[in-house]
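Me: I'd like to learn how to read packing and backbone features in a model like this one. Could you walk me through it?

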Amino acid sequence: MLYFCDVNDTAKHKGRRLQLVELLRTKGITDERVLQAISNIPRHLFIDSSFEDFAYQDTAFPIAADQTISQPYTVAFQTEQLNVKPGERILEIGTGSGYQCAVLCEMGAKVFSIERQHELFLFARGMLKKLGYSYTGKFGDGYQGMPTFAPFDKIIVTAGAKEVPAALLRQLNIGGRMIIPVGVGTQKMLLIDKKGEKDYTIKKMGDFRFVPMLEKKDG
Ligand code: SAH
């Protein structure tokens, strides 16, 4: 799929974003910083221009390499659960379109993001740069995390994992938090707080559907 990279962000787009933010409020999102980030970021630039009219509906969309940009509610929910604070080091697994990464950058986090599909890695890198966001991107396998940049205050996984990857648990700071959908087909969203080197609390946060977290990179 080819992208038409339009940097055009009009009053119409902004108006639609505000409507989306109001919808997210009715669905239970309360973190004003998350809602502000969503109202600031031109989501339509992260998807194919043929879907532009739907960019501010609360739905997932196909992006390149048979992947999807997550539904705005899912982005808002995962970000809210992370309780993001400016300056925190956050690792994202599954850069995809780069939209979730933009939300975290917009909230002042220092973001590290891994993508296993080269086409998406390049697209996200280009778009995030164009929009003025700076982050550390890696083309690779998220199951390995980013040991050279660890530890992280927060980790967000945006693909459905078979299990919680041990490397990611190791790379989380004590006092840190991870949000990760686990399961095949439908996933349980798990909120994991790391209390000590081998001490975790795990809360189930409901059912979601993500594309699968696959091993190794696409090559
Ligand atoms: N956060 C993205 C959502 C993309 S969908 C967004 O805002 O658009 C999930 C992404 O995870 C896909 O792009 C997929 O290629 C990627 N992915 C799946 N398994 C992975 C792995 N092991 N390492 C890194 N990325 C992975």
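**Reading helices, buried side chains and odd backbone angles**

Reply: Let's begin where a helix stops: right after α4 comes G108, and its phi is positive, near 90°. Keep in mind as we go that this is a predicted model.

Me: Which residue follows α3, and what is its phi like?

Reply: That one is N83, again with a positive phi, near 50°. Here the residue is not a glycine. N83 sits in the loop between α3 and β3, and its relative accessibility of 34% makes it partly exposed.

Me: Where else should I look for a positive phi in a residue other than glycine?

Reply: Try D66, where phi is near 60°. D66 belongs to the loop between β1 and β2. Its relative accessibility is 75%, so D66 counts as exposed.

Me: What about its neighbour Q67, is that buried or exposed?

Reply: The cut-off for buried is under 20% relative accessible area. Q67 comes out at 16%, so Q67 is buried. It is in the loop that runs between β1 (61-62) and β2 (68-69). Its side chain reaches the backbone oxygen of A65 at 3.0 Å. Leaving aside residues up to four places away in sequence, Q67 touches F61, P62, Q117, L120 and V211.

Me: Now helix pairs. How do I read the angle between α1 and α2?

Reply: Angles are taken between N-to-C directions, and over 145 degrees counts as roughly antiparallel. Helix α1 (residues 11-26) packs on helix α2 (residues 32-40) at about 155°, with the axes 8 Å apart. The two are therefore roughly antiparallel. The crossing of α1 past α2 is right-handed.

Me: Which residues make that meeting of α1 and α2?

Reply: From α1 you have R17, L18, L20, V21, L24 and R25; from α2, E32, L35, I38, S39 and N40. Sorted by class, this contact holds 6 nonpolar, 2 polar and 3 charged residues.

Me: Why do the contact residues of a helix tend to come with such spacings?

Reply: The general idea is that an α-helix has 3.6 residues a turn, so residues three or four places apart point the same way. In the case at hand, L20 and L24 are among the α1 residues that meet α2.

Me: And how do α3 and α4 cross?

Reply: Their axes come within 11 Å and cross at roughly 40°. That angle makes α3 and α4 oblique to each other. α3 passes α4 in a right-handed crossing. On the α3 side the contact uses V75, Q78 and T79, and on the α4 side Y99, Q100, V103 and L104. By class, the residues of this contact are 4 nonpolar, 3 polar and no charged.

Me: How many residues of each of those helices are buried?

Reply: Helix α3 (residues 72-82) has 11 of its 11 residues buried, including T74, E80 and Q81. For helix α4 (residues 99-106) the count is 7 of 8, with Y99, C101 and C105 among the buried ones.

Me: Is V84, in the loop after α3, buried or exposed?

Reply: V84 is in the loop between α3 and β3 (89-93), and at 0% relative accessibility V84 counts as buried. To see what surrounds a residue like this, list its contacts beyond its sequence neighbours: V84 touches R33, T79, I90, L104, M107, A109 and K154. R33 is 51 residues away along the chain, yet the C-alpha atoms of V84 and R33 are separated by 8.8 Å.

Me: What does a buried polar side chain look like, say S113?

Reply: S113 is in strand β4 (residues 110-115), and its relative accessible area is 1%, so it counts as buried. Look for a polar partner: the side chains of S113 and T95 are joined by a polar contact of 2.7 Å. Residues touching S113 include E92, C101, Y135, K138 and M146.

Me: One last backbone feature: where is there a cis peptide bond?

Reply: Omega is the angle to check. The bond joining A150 and P151 is cis, with omega about 5°. P151 is in the loop between β5 (136-139) and β6 (152-157).

Conventions:
Residues numbered from 1 in each chain as written. Predicted model: local features only at pLDDT ≥ 70, side-chain atom pairs only at ≥ 80, totals over all residues. Heavy atoms only, no water. Helix = DSSP H or I, 4+ residues; strand = E, 2+ residues; numbered from the N terminus. Buried < 20%, exposed > 50% of the residue type's maximum accessible area, 1.4 Å probe, protein only. Polar contact = N/O pair within 3.5 Å; in protein donor to acceptor, adjacent residues only side chain to side chain. Contact = heavy atoms within 4.5 Å. Axes fitted to C-alpha atoms, helices over the stretch in contact; angles between N-to-C directions. Parallel < 35°, antiparallel > 145°, perpendicular 65-115°, else oblique. Left-handed = near helix turned anticlockwise from the far one by under 90°. Nonpolar A, V, L, I, M, F, W, Y, C, P; charged D, E, K, R; others polar.
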